[in-house]
Amino acid sequence: MEFNSFTTLVQREVEKRAGENYRVKLNDVIKNNGVVLRGITIRQDDSNISPTIYLNPYYNAYENGEITIAAIVADVLETYKQNKSSCNIDMKFFLNYEAVKSRIIFKLINTEKNRELLKDIPHIPFHDLSIVFQYLVSGEQFRNAAILIRNVHIGLWRVNARDLYECAMENTPLLQGYELADMKTILGEYYASGVIDDEAIEDMQQEVPMYVLSNKSRVNGAACILYKDLLKDFSIEMDKNLYILPSSTHEVILLPSDGTQESANLKAMVQEVNRTQVDEEEVLSDSVYYYDREKDVIICA
């Protein structure tokens, strides 16, 4: 079955199961790095918000004979039930910059892979990356939900990308924090949760100390490298400059420089991991960066 036919069938079956008080729609969502996903939304007549449930993984499982249409429909409805919100959002507040500026945060995306998106959103270049901005929705029921800030918004607010950056530099560390742990600790967490096994632990152990940097939610945590004095303080603690390896949009690996590492080898490693271990949507960069603690600057290695 073709993908379009599959998603239309799922939509129709979900409509039957949900009932006449619900609106079920399909929509294509452009994600990071130009990845396009087909989403389904289920919305009650009196609600103006709904979680988007992506159908692409279901299609792959269906094509492989791992799941039936009936099971997919049941799972979509259960996912909606578990994630739906019992309240509406009055978006009028979003017209007022004073009402939103305290929750503006930043994230990092790859410039080349997001050329089309960047035409529509305010951003600041950062090597081969771009700093872009979001409004972090408040309330536990929304978890890490964020609204991407677009050119139309700053036009209404009469601000520019630099204004957003100044707000985000203050807000992001406060709202999202950071976590910095050595690789062995992270591997231990993965092992305890069953994500990796004994063989993987042995393969991934390394003599050179590496540290994983992300935010508290571990979502778009690579932007923590922009936090004021974070890299500086850590490099002083290590008494070394730092290589920054972008393992994904969600985290980076900090490698204290001992003078023996070669940036070409590190770059080759990052590229291989991006090709084989990281979802296309979550790739940040094939580059390697270097933090010079004396100059307090990040450069491309």
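What separates Glu-13 and Lys-16 in helix α1? They sit 3 residues apart in that helix, which spans residues 3–18, and that puts about one helical turn between them. This is a predicted model, and in it Glu-13 and Lys-16 form a salt bridge, with their closest N and O atoms 3.3 Å apart. The two partners don't share the same accessibility class: Glu-13 is partly exposed at 24% relative accessibility, while Lys-16 reaches 59% and counts as exposed.

That pair is one entry in a longer list, since a search of the whole structure turns up 9 salt bridges. Another one links the side chains of Glu-112 and Arg-115, at 3.2 Å from N to O. Here Glu-112 is exposed because its relative accessible area is 56%, above the 50% cut-off. Arg-115, at 46%, counts as partly exposed. Arg-115 belongs to helix α5, which covers residues 115–118. Have a look at what else is around Arg-115: Asn-33 is 82 residues away from it in sequence, yet their C-alpha atoms are 8.7 Å apart in space.

A further salt bridge also spans some sequence. Glu-179 pairs with Arg-218, the closest N and O atoms being 3.2 Å apart. Glu-179 is in strand β8 (residues 179–182) and Arg-218 is in the loop between β9 (211–214) and α10 (230–238), so this bridge ties together parts that are 39 residues apart in sequence. Both ends are partly exposed, Glu-179 at 28% relative accessibility and Arg-218 at 33%.

Now for the inside. In soluble globular proteins, nonpolar side chains tend to be buried together. The largest nonpolar core in this model has 41 residues, and the members touching the most others are Phe-133, Ile-225 and Leu-231. Helix α7, residues 161–176, is the top contributor to this core, giving 5 residues. Apart from this core lies another one, made of 18 residues that include Ile-53, Ile-69, Val-76 and Leu-77.

Which residues does Ile-225 contact, once its neighbours within four places in sequence are set aside? The list runs Leu-108, Phe-126, Leu-213, Leu-231, Ile-244, Val-252 and Ile-298. Two names there lead elsewhere in this tour: Leu-231 is itself among the core members with the most contacts to other members, and Phe-126 is on the covered face of strand β5.

So let's follow β5, which takes in residues 123–126. In a regular strand the side chains alternate between the two faces of the sheet. In β5, Ile-124 and Phe-126 make up the covered face, with His-123 and Pro-125 on the uncovered one. The strand pairs with β6 (residues 129–136) in the antiparallel sense, over 4 bridges, and His-123 stands opposite Val-132 in β6. Together β5 and β6 form a hairpin with 2 residues between them, and His-127 in the turn has a positive phi of about 55 degrees.

Finally, back to the outside, where some nonpolar side chains show up too. Leu-95, Val-152 and Leu-156 make a nonpolar surface patch of about 310 Å². Leu-156 comes from helix α6, residues 151–157. Is Leu-156 buried or exposed? At 51% relative accessibility Leu-156 counts as exposed, because the cut-off for that class is over 50%.

Definitions and conventions:
Residues numbered from 1 in each chain as written. Predicted model: local features only at pLDDT ≥ 70, side-chain atom pairs only at ≥ 80, totals over all residues. Heavy atoms only, no water. Core = buried A, V, L, I, M, F, W, Y, C linked by side-chain atoms within 4.5 Å. Buried < 20%, exposed > 50% of the residue type's maximum accessible area, 1.4 Å probe, protein only. Contact = heavy atoms within 4.5 Å. Patch = residues over 30% accessible without salt bridge, like charges linked within 9 Å, V, L, I, M, F, W, Y side chains within 5 Å. Areas by Shrake-Rupley, 256 points an atom, 1.4 Å probe, with all protein chains shown as cover. Salt bridge = Lys/Arg side-chain N within 4 Å of Asp/Glu carboxyl O. Pairing = 2+ DSSP bridges.
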